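This report walks through a structure with two chains, moving from one chain to the place where the chains touch and then into the other chain. Please keep the sequence and the 3D view at hand while reading.

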Amino acid sequence: MSVSINSTTDFITFSSYPQAIAHIDCDAFFASCEQARDPYLKGKPLVTGQERGIISAASYEAKALGIKRGITLSEAKKIYPGLIIIPSDYELYSIYSERLFNIIRRFTPQVEEYSIDEAFCDLSGLRRMYRSSYPDISVRIKEAIRKELDITVSVGLSLSKTLAKICSRENKPDGFKALPGNELHDYLKNIPLERVCGFGPNTVALLGKYGINSVLDYIRRPKEFAQKILGKIGLELWLELRGVSVYPVSTDKKEKYLSISKTKTFMPASGNKQLVMAQLMRNLESAFIKLRRHSLSARNLTVYLKKVDFSAEGMQGRINRHSSSTLDFTSICSRIFDEVFQPGAVYRATGVILSDIKEGGFDEHDLFEDPVKIEQLQRVSAAVDEINQAFGKHTIHIAASNIIAKKASHPRNNLAWRKIELLKGETFRRRLNIPLLKLF
Amino acid sequence: MDRNNLKEQTVRLEEFYLKNKRMPSYSEMLKVFRFRSKNAVFKKVNQLVKLGLFAKDKTGRLIPAGVQRPVRLLGFIQAGFPSPAEEETVDLMSLDEYLISNPQATYLLKVSGDSMLDAGIHPGDLVLVQKDLTPKNGDIVVACVDKEWTLKYFEKLKGKVRLRAANKKYLPIEPKEELVIAGVVIANVRKYK
């Protein structure tokens, strides 16, 4: 018997799982959370993002109708008038996200919180403990998530993060794909380069010029080629795609830097400098109201402006001490605004982010500053908060935001259900940290 | 070798502390460590601080961080006996922990309707529902019957499932088609104030 080996059947590696890395990706996460909380929504086309006027997430049923993230609600309604539109409830999504990672961590401590709805986990060495294969362990994780959260995830299992991420997209939604080392040569020949996280359109076009169209084409080329054409990243991806894990599953808690942000889309979009500035100042005030409510103070301010084409530009500024007074930040805010604002451009949203936040810190002052003045500013803030509490938010406001009509900042139909459906003892600001099912 | 040395020096520092009730100054440490240069002392101190055995105060002086023979504080003494109160708190659990065994799978549900009235579950009550439990005979479950969600007793008689209300107004139901159970009720919360 003779064995012929040609280049397309050549194994990349003979071992199945020298290491096992899984990528767990939630299916239409925000929409799925809504459907898990309210089972009447299951199987129905639904989108979230009512409060923004744009779809921020669409259920699979809505996606099947051609309704995608990013299109406006009115466009979506034209496609399907029966579409269910829900205001986003980020509180709910955060609880589900946290629960998701906790469930995965029950199986392995090495879990990377890659985004709100995506995780990588390293399963290497767990086979003996669970007396089952890596695909079986992956399916058990998937099953636990379905059972406990009532949402589906798609799981990819392979030898590196890059390969696992390619696999998780294979059978979405509710999919599972395991790719052991000894099947790499067969599977990757049909995978186009765009599927690799890290290859953008330019890279794909460049590789195309060398006759490289599939992932297999790429890893069949010598290492030196990858390095020469695409540098360090090219080499790293070349290794990852060959089943050599270069990017570790990092368990470092992504430093949760506390920040407070306020952003608001305004309709219609505007190129009027004074108006856009007023919107920005209103956000600045709102952010500081929240900051003071939690007895915090901040030092950094990021301002960003979003144009009608969704492109955004921003800039960060820093003051010389921590402060909780809006007036300490107004001048830096308008200076940044002047830098970022482009005459002629049409804007649809402004936003501010307060960062470098600490608790308390109002009594901090600089050597060259007048402590009396700082004290006075604090008293002004306290008085403003008190008046606004009594007469409505933004009754007293910075003159620069004057041209915006004072109105209820949350039209009731744009509020998340949970902010209206309060339980005894809950307030608009603080609610129980357990999801409330909507069955009755 | 170096480890032994470190251990020995830690012990000597501790002895100094226990004897004098304070940490040595840098010049005293020359003697404690049996060094001839203060620079060597400085390096040794940094090493000990890095290992978390000792700490430095704001002025750079050494303070005991992890002296091996700690003095346990048990609160104020009354009539010569230590108060056990502070020691005991580690064995306590929060109301959350008491009510919830799997926080990842537990949800709230506000009761409406009177189907479980005789079981003491009133409209407006807040029940805790756990999703990953397999219902057992006699459990209260959240079930979907004829596209309506209700709370019922889950009963299994000779392999047949029956849902029974805790209210004579409602007849027991024997689901014909597939029965969907969203979870098992593990607690009921009624807040009066």
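In chain B, residues 24 or more positions apart account for 47% of the contacts with a separation of 6 or more. The model is a predicted one, and every value in this report is computed from it. The secondary structure of chain B comes to 5 helices and 10 strands, and of the 193 residues in this chain, 18% are buried.

**Where the chains touch**

Which elements of chain B give two or more residues to the side that touches chain A? In total, 17 residues of chain B are in contact with 16 residues of chain A, and the elements that give two or more residues to this side of chain B are β5 (106–110) and β6 (126–130) of chain B. Of these, β5(B) gives the most, with 5 residues. When the residues on this side of chain B are sorted by character, they divide into 9 nonpolar, 4 polar and 4 charged.

Strand β5(B) also pairs across the boundary between the chains, since strand β14 of chain A, residues 436–437, runs beside β5(B) in the parallel sense over 2 bridges. Within this pairing, A:Leu436 stands opposite B:Leu108 in β5(B). Strands of a sheet pair through backbone hydrogen bonds, and they do this in either a parallel or an antiparallel way.

**Domains and a sheet in chain A**

Chain A is divided into three domains, whose bounds are set out below.

| Domain of chain A | Residues |
|---|---|
| Domain 1 | 23–168 |
| Domain 2 | 178–241 |
| Domain 3 | 260–420 |

The C-alpha centres of domain 2 of chain A and domain 3 of chain A lie 46 Å apart.

Chain A also holds an open sheet of 5 strands, which follow one another in the order β5-β6-β1-β7-β8 with mixed pairing. Its edge strands are β5 and β8 of chain A, each of which pairs on one side only, and neighbouring strands of this sheet are turned by 15° against each other on average, if direction is ignored.

At one edge of the sheet, strand β5 of chain A (residues 111–115) and β6(A) pair in the antiparallel sense over 4 bridges, and the two strands form a hairpin with 2 residues between them. In this pairing A:Val111 stands opposite A:Cys121 in β6(A), while the bridge partner of A:Ser115 is A:Glu118, again in β6(A).

**A covered helix in chain A**

Is helix α7 of chain A, residues 161–168, mostly covered or mostly open? The helix is mostly covered, with 8 of its 8 residues buried; these run from A:Lys161, A:Thr162, A:Leu163 and A:Ala164 to A:Lys165, A:Ile166, A:Cys167 and A:Ser168. What covers the buried residues of α7(A) includes strands of the sheet just described, namely β1 (21–26), β6 (118–122), β7 (153–158) and β8 (176–178) of chain A, together with helix α11 (223–241) of chain A.

Two packed helices are described by the angle between their axes and the distance between the axes. The axes of α7(A) and α11(A) come within 7 Å and cross at roughly 65°, and the two helices are therefore roughly perpendicular to each other. Where they touch, A:Lys161, A:Thr162 and A:Leu163 in α7(A) meet A:Leu237, A:Glu240 and A:Leu241 in α11(A), and the residues of this contact divide into 3 nonpolar, 1 polar and 2 charged.

Terms used:
Residues numbered from 1 in each chain as written. Chains lettered and ligands numbered in written order. Predicted model: local features only at pLDDT ≥ 70, side-chain atom pairs only at ≥ 80, totals over all residues. Contact = placed C-beta atoms within 7 Å. Nonpolar A, V, L, I, M, F, W, Y, C, P; charged D, E, K, R; others polar. Pairing = 2+ DSSP bridges. Buried ≥ 20, exposed ≤ 12 C-beta atoms within 10 Å, placed from the backbone. Axes fitted to C-alpha atoms, helices over the stretch in contact; angles between N-to-C directions. Parallel < 35°, antiparallel > 145°, perpendicular 65-115°, else oblique. Domains from an automatic or database assignment.
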